[in-house]
Structures are given as structure tokens and as C-alpha cells.
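User: I'm new to reading protein structures. Could you walk me through this one with some questions and answers?

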Protein chains: 4
Amino acid sequence: MNQDIYSKLTTFKEARKNRGRLLVNCPDQPGIVAAVSKFLFDHNANIIESSQYSTNPVGGTFFIRIEFECPGLQAKKEELKQEFSKIAEGFKMEWQLSLVSELKKIAIFVSKELHALRELLWEWQSGDMMAEIALVVSNHDDSREIIESLGIPYYYIPASRENRAEVEAQQLKLLEEYEVDTIVLARYMQILTPNFVAAHPFRIINIHHSFLPAFVGARPYDRAYQRGVKLIGATSHYVTNDLDEGPIIEQDIMRVDHRDGVEDLKKIGRSIERSVLARAVRWHLEDRIIVHGNKTIVF
Amino acid sequence: MNQDIYSKLTTFKEARKNRGRLLVNCPDQPGIVAAVSKFLFDHNANIIESSQYSTNPVGGTFFIRIEFECPGLQAKKEELKQEFSKIAEGFKMEWQLSLVSELKKIAIFVSKELHALRELLWEWQSGDMMAEIALVVSNHDDSREIIESLGIPYYYIPASRENRAEVEAQQLKLLEEYEVDTIVLARYMQILTPNFVAAHPFRIINIHHSFLPAFVGARPYDRAYQRGVKLIGATSHYVTNDLDEGPIIEQDIMRVDHRDGVEDLKKIGRSIERSVLARAVRWHLEDRIIVHGNKTIVF
Amino acid sequence: MNQDIYSKLTTFKEARKNRGRLLVNCPDQPGIVAAVSKFLFDHNANIIESSQYSTNPVGGTFFIRIEFECPGLQAKKEELKQEFSKIAEGFKMEWQLSLVSELKKIAIFVSKELHALRELLWEWQSGDMMAEIALVVSNHDDSREIIESLGIPYYYIPASRENRAEVEAQQLKLLEEYEVDTIVLARYMQILTPNFVAAHPFRIINIHHSFLPAFVGARPYDRAYQRGVKLIGATSHYVTNDLDEGPIIEQDIMRVDHRDGVEDLKKIGRSIERSVLARAVRWHLEDRIIVHGNKTIVF
Amino acid sequence: MNQDIYSKLTTFKEARKNRGRLLVNCPDQPGIVAAVSKFLFDHNANIIESSQYSTNPVGGTFFIRIEFECPGLQAKKEELKQEFSKIAEGFKMEWQLSLVSELKKIAIFVSKELHALRELLWEWQSGDMMAEIALVVSNHDDSREIIESLGIPYYYIPASRENRAEVEAQQLKLLEEYEVDTIVLARYMQILTPNFVAAHPFRIINIHHSFLPAFVGARPYDRAYQRGVKLIGATSHYVTNDLDEGPIIEQDIMRVDHRDGVEDLKKIGRSIERSVLARAVRWHLEDRIIVHGNKTIVF
């Protein structure tokens, strides 16, 4: 099975070797699209998909995501970047040009509950999540077998309030060693320190088991049960230093009723958490998300 | 059109002249269903629909709602009640026996925003909400024409923080005069005093324009916009003295995205508020809701 | 109330007097976006919203919808069209440039069931549907009062299989007289002849009371009930000469269960029909829909 | 992990050793509930959950499902059945009394696509699907490893149109050998003969990859794509001899748009198929489904 996944990834990369993505945001003003699209045309790139948004046509911020096909892209990448930086300067752009064939390297952090991890592995095995899973870090040893059977490096690092500093030092070292781009907290259940978060701005994706901002913090299903809500939800967001307050990427809900006890809510909730996290991670890997203040634009 | 509605109501009442509803809750113990169903059978009543729930089979609270057909019900009503009270005593029941043909009398309180009111009137005109709309009370005069054209008494009572006491006195007098059972706050936007609420325990239905407990209080759409949520919702609940904390009857949501400004959220929200309130009111009119602590059982 | 609507429409038109929309489709090739955005920039137009799609980057069809702000647009409209036609020629474009301030004129066709009509009127009165309702045509006289009270011309034209030719002749004359752009069949229940349909290509919007292609044709709710489906739906589509086979614009569903009889399905269905038709009409009015073969692209 | 599942099942059975389920249907008439609930009370059984439905209070069919707790149930089972058959006779009941602790034995039939199988295994491993998975039968050998690693007997039986008779003979023998109650076709993709179907009336659950009755038969996603639908769905139903026409148990849908190609529809569809089949199987295992004509009542 393992073999299978890597051959899927290789096929994907080969098929998209000329595919690039350009993400831009800058103060809105006339002429941005004209300049960017002329640049791509002049470099022989054909626009495949393009989405844009402006917070306000007058004095607002402009965002665009372009996916393009450009023959010989891998060789021309640095040249393109250098050329584009001239345009970017004129419009005061923040921008990013990436190659679809350079897959992101992700680390998955997990604890005792494995449903979110399993969903990600599933998507990955089915060829629906195009990334390198560089490593899995867990503070319980339950998932070792499943991870190692897929040929993924597995690190069991028991973590608690007490040893947080050492644990994070060890984790940060691993992340550097494996050149990780993105960290997915698949129900990791440990709070990260500002130090750890600052090292990965908008590169840590969490799944919170409630419909935020309802039930921020611990034991959301118990509190949802107490409140007698008729819908429960899950929220995937980028991690910031304000607990459960980072930019929301995706949310979803399911219906519950008076017959559902806390255990039923958890069970129903697991299914929402799985799909919400999987969507958020996929959008992140496809460079579809731009963070703007404490919100996300999802193209 | 007016004529039409009243003829629909009359047809409905005539067709259900033998239809009754029994709501019971009591400490759970064996034999409750046997006793209740034997009682109905002995009185020649056929069970049409029955739903039950127990918070816990051992030491929990038992709830049942039975809809039955009983020839000559209108004449036998008092006798049935008297007989049933004997059973009820043995099981320490709280109970209620009502006739479907005795329509509930409702008062609708409204302010400037008319979408929730319009939805209720619509349901009512279509024959989907079987009630007598006894009167409409508004603190703005915008809905007079639409209400009076339907032959419904309309009271324009300007309300503000300053004159709350007098206003409520006037309102309470009207509610008594019209023998109102149920008050629907169709975006009334004024806070009711404990005095007013206490006079109508679990008989006041509100629509809150958020997915509670997220965004309790004022300006929920603005706050949802600020937070960057990906779903917005509405919640219908019984009014208690804790603002937006009463037992939730129904909730629903719709998807929004980064392109939606506050005005878009309000517009999308109006459509959720309309359907959530309409469902809650319909369930209340059909005696489907039992309040238990701060939650509802909706059969 | 009437006064109110027209003042809302006037405010809307005034606020958007410089707002234009450009819809384009053509064979995909590099340089289209560059050319179009340069054109807009050269004419001092700022892109507010832009969406594009290509059926296939190589040899496919390219679609784009651009909303832009251009000072003095109303005066420059003809000039812009003339200039753009030169670009259009080079790329073999089909295209359309329209002014947001020139509201579409719609005719609503209705029969006995009024829920879909009411929803449209509601959206219109709330300022959520920006159009001129030029006239309402009905083959039953039930909606006269409600229509005329809004100051909208109302035509009662009894229609049946027998008098179809004369009826359509009369209708076509009215549509021409009122310079109607768009016809909305709000549960009109009469089949239109190829002659009538051909006169308004992709300008007639229907609401079908099923989740197409399930239950094409008559009595869909009865057939849904017979089949025992667990969800029912509604579909809004452009009318072509193949019954219920035209390009689908929007669909939605709601959950039903074994307790729901045919009448319940109809009642639940009405609420789906209302919202699905309202969304389809709104998207059409905002020039968001491009028909491609027998499908729609909805931007 | 394997160990884990079996200990979960054992715990479940032990905790519910006194839990029974009674399913009844009969011509509706007064006194049924009274008789059944008196019977349970007389045998010291406490009703935990009860749902009922009547197709028509006059001359209709009555259905009830009761879950009850009865001390010493395992020993008293046969006695209860004998006693109940007397009541059943009087009311002309079809009925079934089952013990929750006697888990159903299921066979899963699968082919090349493994997502539906995986979802079932997942639910089973999480303790959310209480059954014995007696065996897995596949006409491709892809799932052997995953199945055998869970300690489940695996049979690879290549099947095609040509060898259908022998294949089914072999399958029927296995089903008998393993005393299988329920067969789940988790995207098995082979048509079963009337002979096979007749041997398991309403005991074969299929997942069809469309929103039935739309797209009956082969290649539904391709056809959904051709038709340009805006929602795609999946349907779980009992298998009868009419292809895709058996009683529907559960359906669900997800939104798609013009950007989704056939492969996207399949990918989105897989997620709907997974959850719809899992729900249908769970309801079946919990004896929540009664077939009535070509429909299901799901309590």
C-alpha cells in the first residue's frame, strides 16, 4: 500500500511539473490584474484558475490567487520570481509564487483520539491529499503501529503541563530536521507556547471540537450538552496565541436532539471534525487560504 | 383572503374535533406506558402518534406525548381529565391534556424588521400554522397596514428603555383581554422585565439572530463578521430572565464566506431566522415541546 | 409600501451608476485575461469582482465575469462596447457588457399556487431582488389583489391545452409591449410551445418541484412519496423545449421521513421551491449565469 | 488493535445483557399499545425507548419498536416469545423479539473501491458499529491485507458475468457456514441473481452512488456530470430484484458546481457514500428499520 501512495505522489508531481500558483495581496488600485496577467502572458504562462477579492474597491486590500501552466517552469522559477518582484514593488504587494510539484511537508501532531489522524491518512492514501507526511508526533503511543506500517517516521514524546519546554524544544528540532512547512494538530490536546506558535506563523492548523466562538476552551461537547443546543459543530483554524481565537478556515455542523447524550455528541462530533479538518488541510496545501487580520480568505 | 384563512381554521377544527393530546412527565418507573395506554383504551381513544423519552431508565425522568382520536372528545374532556388525574397522582406526573380543536391564541410582538412577522403570517395564510393570531403589538408603526388588512387587531405601543414599566403594563392588559396563550417575539428587540416573563412561563418564544451560545446579546451579525465565521445561524428559544439563555427550541445555520459583508450576513440571516422561528412556533402550537430544566424535549 | 420599493430601486441605481459587468466566453488561449484587464485599465475601470473558469486549459472554452467601476460609465457605454468589440474579434469572443443601473425587466407567470410568487415579491420589497417587475401574468385570478396593491400591472389570461396558441400570442404581445428581459415561471404549470421558448433563449426561468433528473414531469411529490425517498428537492432551470431538461441553475433539498404524507412533502417542498427560485432569479439578475451547452456556469 | 475491538464488543454485550427489542406491525386498531405495554410490565420489563407510527389511524397499518430492559432476559427469552405469540395472534401481528447482546453477524462484499469498506471497519474499530464481521468477500484481491490484519476471514472470489452461478453458489455456502444475518454490499459492483436475493429478504444492504431515483444503473457520476446537477448524492437501500429499486433506507447529498469534473464528483461522492452506508448499517443493526411495501420506516 505504501508503495502505492508514493507512486501516486510521483505521478501527480510529474503531471503538474509546469503548474504554478501565485498569491498576491496589496492595497487595491486600478491596474493590478492588468499588470499581473500581462506578466504571466509575457512569460508564456496560461492562467488556469483565478480568484480575486477586494475588501473595498476604494482604499481596500486586494487579494488574488492565480494557478497557471508555464512550460519549463521548474527551470524558470527563480527568474520568474526575480522579474515579478519588480511588479510587486510598484504595487506594494505581499506575494508568494510556488510550484505545485514541490509538495508541502507536513507534521501531524496527535494524542489519544485517532479519528482526525485516520481521516488524514485516508485522504492521503486515496490520493486526495497531496503532501509529504514528514512525521507524526504523539504524546500517547497508540498510533505507532498504524503510522509505521505506512513508512512514516513516528515520534512518541509524552507531553504534559510540566515538561512543556523540553517537549517543545524536541519537537522544534524535529520540525527543522524534517524541513516541515505545515503542522496539523489532529486533536493534539496540548496547548502550544507563544514561542512554538511564533516559529510557524499561520502554518499550524488546529481542529476545535465546537462551532467557534461557542464553547471556546475545554470540554465543548459536555458544555454543548448542558446548554441543550440542537446543532453541534467543529472548527478548523490557524493557531495563534489566543486560545481558539485564530483565523477560522472552515466550520460545519450536524443536527442533534434531546435523545443525544454527551457520548452521542462526541460520536457525531468526530465525524464533523474529520471532514472539517480534512477540508482545511486540503485548502492549505493547495495554497487557497490567505490570512487577512484575524480572518481567512479561502479561494 | 382573510375570509379564506378563517374558513381554513374552521375546517381544521371540525376535522379534528375528536383529536386530543396528552403530555406527561414524571419520575421513570415500570408501568407508566401500560397505565396510560390502558386508560386511553378504556376511554375508547385510539393512539395516533406517540413519542417518549427517558433521561435515564434508572432514576431518570420520563416524558411522553400522545396524540389520540376519541369519539365525543369535546363533551368528555372534563371527565377524562378528572379520571386521568387519579393515574397521574400515583405516578407523580406533571401532565396536560389539550384538544387540538381548541386553537392557541397568540400575540406577535414586532419592531422595525418585519421578515419574521411576514413569515408567520405567510404560514398562517397558507394553513400551515394553526392558531388564532389574537393581536399584533409593535413599537414601530410600519406593519399596521399589513396586519389590519388581515383583520388582526394591531397595537402600536412605542417602547423604549424609559417607559418600559408603562408599556409592559399596557401589554399585559392586552394579553389578558385577548386571553393570549403564547407570545411570539418576532424580532421585537426590546428586553422584557422579569415581571413580564414570570407572567408567561415558557410561553414566550424568541428568535435570536445567532447560533447560540455564540454571540449572546446585541449586534450578533456584526460580531460574526468581525470573528470571520464561515457559518451563521439563528436560534429560537423560550424567554427566561437570563438574556438569550432560555431553553433552545430550534437552531439552524447557513454557509457564508469572506465575500459576505455585514449586510450580506443580515440578509442571509433573515432567511434562517424566518424558518427557525416558524418551526419553533409550529412545534409549540402542536404541543410538541416539553421544557426540562434549561433544555427542551421536542417530540 | 409601494413608494418605498421604488425609492430603494432608485437609490440602488444611483449608487451603482458607474458599475458595469462584462461577460465573456471564447476558446481558451493565453493572453485573454491580460487583454481584457488592460482594456479595462486603459478605460479607467477598476475591477471589483472577477471570476473565471476554463473547461480545459488546452482546447477548452474560457469564461470570465468581471464587475467593474468606471467613472462616467453611462455616457461612455457605447464607446466602450465599440472598443471592446475589436478585442472580442481577435479572440473570437461571445460577450455582453451591461450596466448595473439598467435594471432588468421581468415578467412573472403564475397559476394557483402562490408561494413562489410571494417569495419573489418579498425579496423585491426587501430590496434583495433588484429588478423592475414589469407585469404579472396568471391563468387564475387569485393573485390580482396582492399584485395590484403593489402597483404592478396584472393580466389574468385563462390558459389551457385548448387555447394555447391564442394565449401565447397575447402573452408574447405583452412581453414585447413591456420590453421584458426575463420571464420567471413561478409555478406556472402550463407547458410553453417551442415558438414561445425560442423567442426568449435562456431568458425563461422555471422552478421544478423535484430534485431533477428525479421525477421529471407531473406530480413529483406524489411520485417521491410512492418511491419512499428520504430527501425531497427542487430545481430551478432555464426552460428549453425538452420538458424539465434545460440547464440547471440551482437545486436544494430537505429531509423527510416515513411520517410525511404527500401533503407534508408539498408543504416542505414549498419552502425549498421558494428559496431555490429566489436564488436562481437573483443570480440571473446579477448576470452571474453563463449557459454552456446544457449546463450553467454560475459565478 | 484487534484485541481491542473484541474487548469492546464483549463489554457492550455484558452491559446490555438484559436489553431487548420488540418490533411489531399489524392492522391498526385501538388497544395495541395497551396490550403490548401491559405484557412488558407483567414480565417486569421497563420500556427504555419506544417509537410508533400508523399509516392511517383508520384501516391503516400500525408499527411499533420498543427497546426494553428486563432482568434475566437471556434466560427468559424463549418464555417471553411464547407468551407474546398469544397477544400477537389476537392482533394479527408480524413481530420480532431480539436480544441486543446477540450481535448480528455480517458479511461485507467489496470490489476494487475500498472507501465504503474502510468506513465500516473504522466505525467497527471505534466501537460505533456493534456487530460481528463474520467475513469479507471480494472479487478483487486488494483488501486482503487490511482485512486479515483485523483477524477477519477474507475470501477472494473473482466474479464476472460469466461465472455468476458458481460464484454465488460458493458465496451462499460461506454465508450459511458463517451463519450470516446481514450482507452489506460496500460498492460490490456485481449484480446479484434473484436466487441469491430471495435467500436474504431485506437482509442485503447496498450503497448506490446517486440520489435515487435519479441515475439508476451504471456510471451515475458520469451522468450527473453530463446533466449538470448542482448536488450529488448517495442512497442506501435494501436489495430486491429490481435494480436500484429496493426500499430506500437513507440518502444524503453534497453541493457541487461547474468547476467539478467527473473525478471531483467521484471524490465528493465517496464521502457521501461512506456516511450514508454507515448510517444505514447502524440502523439495521439496531433493528430500527421496518420494511413496508417498497418503503422503510426508520425508527
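User: Which residue of chain A forms a salt bridge with Arg227(B)?

Analyst: Keep in mind that this is a predicted model. A salt bridge here needs a side-chain nitrogen of Lys or Arg within 4 Å of a carboxyl oxygen of Asp or Glu. For Arg227(B), the closest N and O atoms are 3.6 Å apart, and the partner is Glu245(A).

User: How many salt bridges are there between chain A and chain B?

Analyst: The pair Arg227(B) and Glu245(A) is a salt bridge between these chains. Polar contacts have their own tally, with 20 residue pairs at pLDDT 80 or more. For salt bridges between chain A and chain B, the count is 6.

User: Which element gives the most to the side of chain A that touches chain B?

Analyst: Let's look at the candidates. Helix H8 (220-227), strand E11 (248-255) and strand E13 (295-298) of chain A each supply at least two residues of that side. The one that gives the most, with 7 residues, is E11(A).

User: What about the residue types: how many on the side of chain A that touches chain B are charged?

Analyst: Chain A puts 32 residues into the contact, and chain B puts in 32 residues too. On chain A's side, 15 are nonpolar and 7 are polar, while the number of charged ones is 10.

User: Which three residues supply more than any other three of the area that chain A buries against chain B?

Analyst: First, the whole patch: about 2,800 Å² is buried between chain A and chain B, and carbon and sulfur atoms give 55% of that. Of the area that chain A buries, one trio supplies 27%, and its members are Arg227(A), Lys230(A) and His258(A).

User: What kind of axis relates chain A and chain B?

Analyst: Try turning one copy onto the other. A rotation of 180° with 0.0 Å of shift along its axis superposes chain A on chain B, with an RMSD of 0.0 Å. That's why the relation is that of a two-fold axis.

User: And in chain A, which residue has the C-alpha nearest the axis?

Analyst: Both copies use the same surface, as 100% of chain A's contact residues recur in chain B. In chain A, the C-alpha nearest the axis lies 2.2 Å from it and belongs to Ala214(A).

User: Over in chain C, how many residues of helix H4 are buried?

Analyst: Buried means under 20% relative accessible area. Among the residues of H4(C) that pass are Leu117(C), Trp122(C) and even Arg118(C) and Glu119(C). The helix spans residues 115-125 and is mostly covered, with a buried count of 11 of 11.

Methods:
Residues numbered from 1 in each chain as written. Chains lettered and ligands numbered in written order. Predicted model: local features only at pLDDT ≥ 70, side-chain atom pairs only at ≥ 80, totals over all residues. Heavy atoms only, no water. Least-squares fit on C-alpha atoms with pLDDT ≥ 70 in both. Contact = heavy atoms within 4.5 Å. Buried area = accessible area lost by both parts, 1.4 Å probe. Polar contact = N/O pair within 3.5 Å; in protein donor to acceptor, adjacent residues only side chain to side chain. Helix = DSSP H or I, 4+ residues; strand = E, 2+ residues; numbered from the N terminus. Nonpolar A, V, L, I, M, F, W, Y, C, P; charged D, E, K, R; others polar. Buried < 20%, exposed > 50% of the residue type's maximum accessible area, 1.4 Å probe, protein only.
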